[in-house]
Amino acid sequence: MRGTPAAARACILAAVLCAIWCTLPVYASGSPVPWSTAALLAAVGLGSELAGRRSPPGGSGPVAAGAFLPILLAAAFLLPPAAAAPVAVIGSLAGRVEQPPYAARRIWRAAQLALTCAAASWAHAALGGPATLGGGGAAPDFPRALLPACAAAVAFSLVLTVLDGVILAAAERRPVHRSACELLPRALGPHLVHALAGLMTAVLWRSPYGPLSALLVLLPMCLSCWVFAQYHREQAAHRATIRALVHAVDIKDTYTRGHSERVGRASVLIARELGMDESRVEGLRFAGILHDVGKLGVPTRVLRKDGPLTPEERRIMELHPEYGHEIVRGIGFLDEARDAILHHHERLDGSGYPYGLSGSRIPEFARVVAVADAFDAMTSTRSYRRARPVSAALAELKRCAGSQFDPRMVRALDRALGRHGWSAAETAVTADEPRAPYDATAGPRRNALPAPRDPAAAPLPRPSQDIGPSRDARPSSGRR
């Protein structure tokens, strides 16, 4: 716990003391406690957590700790609060911890789950839940048993998210209410599902079939948690892949910092306005974020050159869509996004690159990203000019619709911005503020200036003046 902030250590100590205080009524009341039930549930929870520390067959990560939650809620339904809390502690101390400080995180999780389990047990008992479970020859009282079970799940979620908010406030100075409001909606639904599994377990536990039949109920729940965890691990791996590639581009081409993320956001606005399903919307977000990943294959001297590009350098720059396509070729989840990366510099009239496609031969994703790319280029502040107003950028896109851009995509962006706007946070963040390459030994060189960018995706200039998003929009420079 040496690296843990003092405020976080104080929160952990307070949680531990509260958890200990919750168990004191067991020893003070003198009333009988079903220790055999508590011990068996604690053993099952311990086994679930130990299994969670191992990678599943064919998987790359641990089994989800979500398999542990129905056991905790079953303990909350079957045991008084003071006996339910220790059930959570035993499994939590043996559970997997992903990041340091390991001891502090493990102790915090044990105390946190002890308190949430006690709170759920108290809520369940306050609404007469134990009497609805049956047992001793009495049948369970359905559907009345659902109300105290759901109340216990809500109490479990509330206490868990509040405690998460408190520790985040102590460790990272995040507002408690903000963290709780972000976490609670995502936690409540799964906890209600876990509560139903815990309720079935508790009812069977009290039935003539006994604990063995109750534990069998948990098997499909554990399997579903494993499948759910596999899905989320896969999504997390996707996001990590995207972050790594974008970070690599930002390191090599610091000039357009933040540009990729904003193109991704604009692409999502267009996709939703077109009524695409969510899987394609997510694919377009990836396409927008990764559209310039091919710059990793462009020599740094070309990317950061101060001044117009030579014809040879322009030809090298125009290879970046093909480089990008090669980089992401083996990433299966990108699907249509690969086409957007390859073709986002094609123009509707066939004058674009790399293959000079025209009209409907240009993939739909590429036509979306082309509009989003040019829009962000025009509405971002550059070192040599201020950002254009959104209205001016839209007017320019409309002027070039039919020749450079798909009019349908331009109209979709126009409608989406009219409905949702383009916030100051998205347009005021400078995409290419002067920023030196980072030197690990000397730090950033403050007086190093960025090179002008390639605006190949910029709208076509009028004959008399350059009105594209970049000063280098003329054919002689060829930058984006």
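Which helices each supply at least two residues of the lining of the second largest pocket? In this predicted model, they are α9, which spans 210–252, and α11, which spans 278–290. Of these elements, α11 provides the largest share of the lining, namely five residues.

The second largest pocket holds about 240 Å³ of space. Its lining is made up of 15 residues, and those closest to the centre of the pocket are Ser 279, Glu 282, Gly 283, Phe 333 and Asp 335. When the lining is sorted by class, six residues are nonpolar, four are polar and five are charged.

Asp 335, one of the residues closest to the centre of that pocket, also deserves a look for its backbone. This residue sits in the loop between α14 (320–328) and α15, and its phi is near 50 degrees, which is a positive value in a residue other than glycine.

Two cis peptide bonds, each leading into a proline, are set out below.

| Cis peptide bond | Omega |
|---|---|
| Phe 142 to Pro 143 | about 5 degrees |
| Tyr 353 to Pro 354 | near 15 degrees |

As for where these prolines are placed, Pro 143 lies in the loop that runs between α6 (129–132) and α7 (146–172), whereas Pro 354 is found in the loop between α15 (337–343) and α16 (364–378). The helix α15 therefore borders two of the loops described here, by the definition of helices as numbered runs: the loop with Asp 335 comes before α15, and the loop with Pro 354 comes after it.

Conventions: Residues are numbered from 1 along each chain as its sequence is written. This is a predicted model: local features need pLDDT of at least 70, side-chain atom pairs count only at pLDDT 80 or more; totals for chains, interfaces and linings use all residues. Side-chain values use heavy atoms; hydrogens and water are left out. On a 1 Å grid over the protein atoms alone, a cavity is a set of points where a 1.4 Å probe fits but cannot get out, and a pocket is an open set with protein on both sides within 12 Å along at least five of seven lines; lining residues have an atom within 4 Å of a point. Grid points are joined across faces, edges and corners, and a volume is the space filled by probe spheres set on the points. Helices (H or I, at least four residues) and strands (E, at least two) are DSSP runs, numbered from the N terminus. Ala, Val, Leu, Ile, Met, Phe, Trp, Tyr, Cys and Pro count as nonpolar, Asp, Glu, Lys and Arg as charged, and the others, Gly among them, as polar.
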